[in-house]
Amino acid sequence: MATAVRVDTPAKKADQAGDQIARLVVLIFAASIVLIAVLIVWVLWYDSAPSRHKLGWSFLTSSQWNPVTEQFGGLPFIFGTVVTSVLALLISVPLGVGSAIFLSELAPRRISDALTFLIELLAAIPSVIYGLLAIFTLVPLMRLYVEPFLRKVLGFLPLFQGIAYGVGTLTAGVILAVMTLPFIISVSRESLLAVPGEQREAALALGSTKWETTWQVVVPYARLGIMGAIFLGLARALGETMAVTMVIGNSTAIHASLFAPGNTIAAVIANEFAEATGDVYQGVLIELGLVLFCLTIILNGLARLMIIATTRKGSKRA
Amino acid sequence: MKKSLLTLSALLLASAGMIFSQQINGAGATFPMPIYQKWFQDYNKAHPSVQINYGGGGSGAGISQLTNGTVDFGASDMPMKDDQIAKMKVKPLHFPTVMGAVVLTYNLAGVTSELKFTPETIAGIFMGSIKKWDDPKLAKDNPGVKFPGEEIIPVHRSDASGTTFVFTDYIAKVSPEFKSKVGADTKVAWPAEGLNGQGNPGVAGLVKQTPNSIGYVELIYAIQNKMSYGHVKNSAGTWVKPSLESVTEAASGAAKNMPADFRVSITNAPGKNAYPISSFTWLLIPSQIEDGAKGKIIVEFLKWMLADGQKETTALAYAPLPKEVVAKEEKQIAEIKVGGK
């Protein structure tokens, strides 16, 4: 970038002109990304005006949703989006990082490459297919085995009480976990593989076991990349629409129980936008899009802060 | 996404056909989409110079696109409200095209016979006052059926839809409590919380997957998928099995009191064998069409739809319009003013 060495001989002038052009072109490309983001915010802000003016901040704290009486509260959707995404990460982070450690540190390279190829294929499956799989296999499994088991063992917690529908927040979290796994595994594996061999050798030379080397040297070294992988997964979980709406039950209420049906921002927009009549109704759905945008920015910001904090700790130790 | 793809394909179609044919574009209700597409295809075969494109998108989309003037005609499963009409530059005319009905479908282990529902039990289940399947009210209407002592799980539509409007419109008519607390619309806040599925397939899928559940779907969808559905007691006190005949009967029952603009709900219609949860679906046509060529085609198409088009309905499991309604609609065609004046 700025540190590139320039050689200012006349023979290089033509090349420099080319450099200038290339620089301008990529600058325009980069600027267009920023412009698109700004335009998205502007359109969401502008089109949500009817609902922002009518409902104000109470929109974010009310949980009443009744299009007939034009009562709109966004809280159940914000709640559902956060809960399903957190559930998804709770399941997929240990599984994903564990798989990535196996693939990069333990498995022979050839098997690792083959498996990674298969895992990356999972990322290319359309979400409606995941939704169908969930309806026909995951939902009965959850209803007949997983939810009754959880209720029996952990039923004293309000999280695991009530009717086991099979459809609900928990099932949505599980299918989201499956969908975020390929991202987490694949990106984590890449960053683990990028750890220099010398780091491992040094740790082994100091008398660490293989596991100590992996857990205390390799994983902390690749921490940034793994964090990145997790937040890529989170981004997918927050915005996922089709698979979630097919298994979450789409109920506009906040329940303590994870078995109960819920709803997410993306799901309600997909469900109601086509038939949303009236300026306020449509505005409300667009405002929910704005909220999702802000939620993503906040969570990404938190991710940055976390990375900064942990990097400092890491460098101190080094 | 879907919408933009539709517009894109409409644009492609338009640019390909512009040279030799007159394009008419419409959008709206998805419930009558299969029959509309068949009609427009057949009409195109009979009149190769006319190409009518129908984009679907839902009743709400049909109304708003017609209001914005992005389409030549709209289609809706619910009549337009007064304030919606007030927003339009040109007053729209409502033309009923075919009829549909909403049926109750359920999943009860061990129950194979077709269950019977009264207006009271339907309202009770969806208001949440009838909570369990072994409720004495249900048992009284269904002698011989062994109901499980399990909680009833209602399944609704998660997307705003004409189906929900017809269903809630019916319950609001038979239950004053439902009318005041919930109301009739394309999407409502259901007092009895349950599960919600997207589209008819979503509701049917959830009902199939969830024991002790009950949901509502379009009659056509239930017929095509060979689902079992409930009989309903109508306003004359007869148990009626939903079918194309009992739906058409509901329309003839309502035809006597049909308002001139056809904005009428025919749920809970009089008539001995009328199925009470029936409805029209409408084409929304501007009462003044400035483009003379387009206007002429739309008028011709409406005439064709009321005559030849009606013969194609039953093959696709839509109930045809009763004769009385067809006659009234033919008169309304004269109200369309073609060309700028």
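Strands β6(B) and β8(B) pair in the parallel sense over three bridges. Pairing requires at least two DSSP bridges between two strands. Helices and strands here are DSSP runs, numbered from the N terminus: H or I of at least four residues for a helix, E of at least two for a strand.

This is a predicted model: local features need pLDDT of at least 70, side-chain atom pairs count only at pLDDT 80 or more, and totals for chains, interfaces and linings use all residues. Residues are numbered from 1 along each chain as its sequence is written, while chains are lettered from A and ligands numbered from 1 in the order in which they are written.

## Chain B: strand β6 and helix α5

In the β6(B)–β8(B) pair, B:Ile153 stands opposite B:Ser213. β6(B) also runs parallel to β7(B), again through three bridges. There, B:Val155 faces B:Leu195 as its opposite number. Five of the five residues of β6(B) are buried, so the strand is largely enclosed by the rest of the structure. A residue is buried if 20 or more other C-beta atoms lie within 10 Å of its own, exposed if 12 or fewer, and partly exposed in between; the C-beta atoms are placed from the backbone.

Helix α5(B) holds buried residues B:Thr121, B:Ile122, B:Ala123, B:Gly124, B:Ile125 and B:Phe126. They pack against β5 (116-117), α6 (136-141), β6 (153-157), α7 (162-174), α8 (176-181) and β8 (213-218) of chain B. After the helix comes B:Gly128, with a positive phi near 95°.

B:Phe126 lies in α5 (residues 119-127) of chain B. It counts as buried because 26 C-beta neighbours fall inside 10 Å. Leaving out residues up to four places away in sequence, B:Phe126 touches B:Pro154, B:Ile171, B:Trp190 and B:Ala192. Contact means C-beta atoms, placed from the backbone, within 7 Å. B:Phe126 and B:Pro191 are 65 residues apart in sequence, yet 7.1 Å apart in space, C-alpha to C-alpha.

## Chain A: fold and confidence

Chain A has 13 helices and two strands. Its C-alpha atoms fill a box of roughly 75 × 55 × 35 Å along the principal axes. Of its 318 residues, 38% count as buried. Among contacts between residues at least 6 apart in sequence, 77% join residues at least 24 apart.

The mean pLDDT of chain A is 89, and 93% of its residues reach 70 or more. pLDDT is the predictor's confidence in each residue, from 0 to 100. Confidence is highest in α4 (residues 75-106) of chain A, at a mean of 95, and lowest in α13 (residues 279-317) of chain A, at 80. Over residues 314-318 of chain A, pLDDT is below 50, and this stretch has two contacts beyond near neighbours in sequence. Where pLDDT is low, the predicted coordinates should not be read in detail.

## The nonpolar core

The largest nonpolar core has 162 residues. Such a core is a set of buried Ala, Val, Leu, Ile, Met, Phe, Trp, Tyr and Cys residues joined through C-beta atoms within 7 Å. Those with the most contacts inside it are A:Ala134, A:Ile175, A:Ile184, A:Val247 and B:Val103. Helix α7 (residues 169-193) of chain A gives the largest share, 13 residues. Beyond four places in sequence, A:Ile184 touches A:Ser92, A:Val93, A:Gly96, A:Val97, A:Ala229, A:Ile230 and A:Gly233.

## Domains and interfaces

Domain bounds come from an automatic or database domain assignment.

| Chain | Domain 1 | Domain 2 | C-alpha centre distance |
|---|---|---|---|
| Chain A | residues 10-47 | residues 52-317 | 33 Å |
| Chain B | residues 22-99 + 280-338 | residues 101-256 | 29 Å |

In chain B, 16 residues of domain 1 meet 16 residues of domain 2. On the domain 1 side, α3 and α13 (323-333) of chain B are the elements giving two or more residues. That side has 11 nonpolar, three polar and two charged residues. Ala, Val, Leu, Ile, Met, Phe, Trp, Tyr, Cys and Pro count as nonpolar, Asp, Glu, Lys and Arg as charged, and the others, Gly among them, as polar.

In chain A, five residues of domain 1 are in contact with five residues of domain 2. The domain 1 side divides into four nonpolar, no polar and one charged.

Between the chains, the contact takes 27 residues from chain B and 23 from chain A. On the chain B side, α3 (59-68), β7 (195-197) and α9 (199-209) of chain B each give two or more residues. α3(B) gives the most, with five. The chain B side divides into eight nonpolar, 14 polar and five charged residues.
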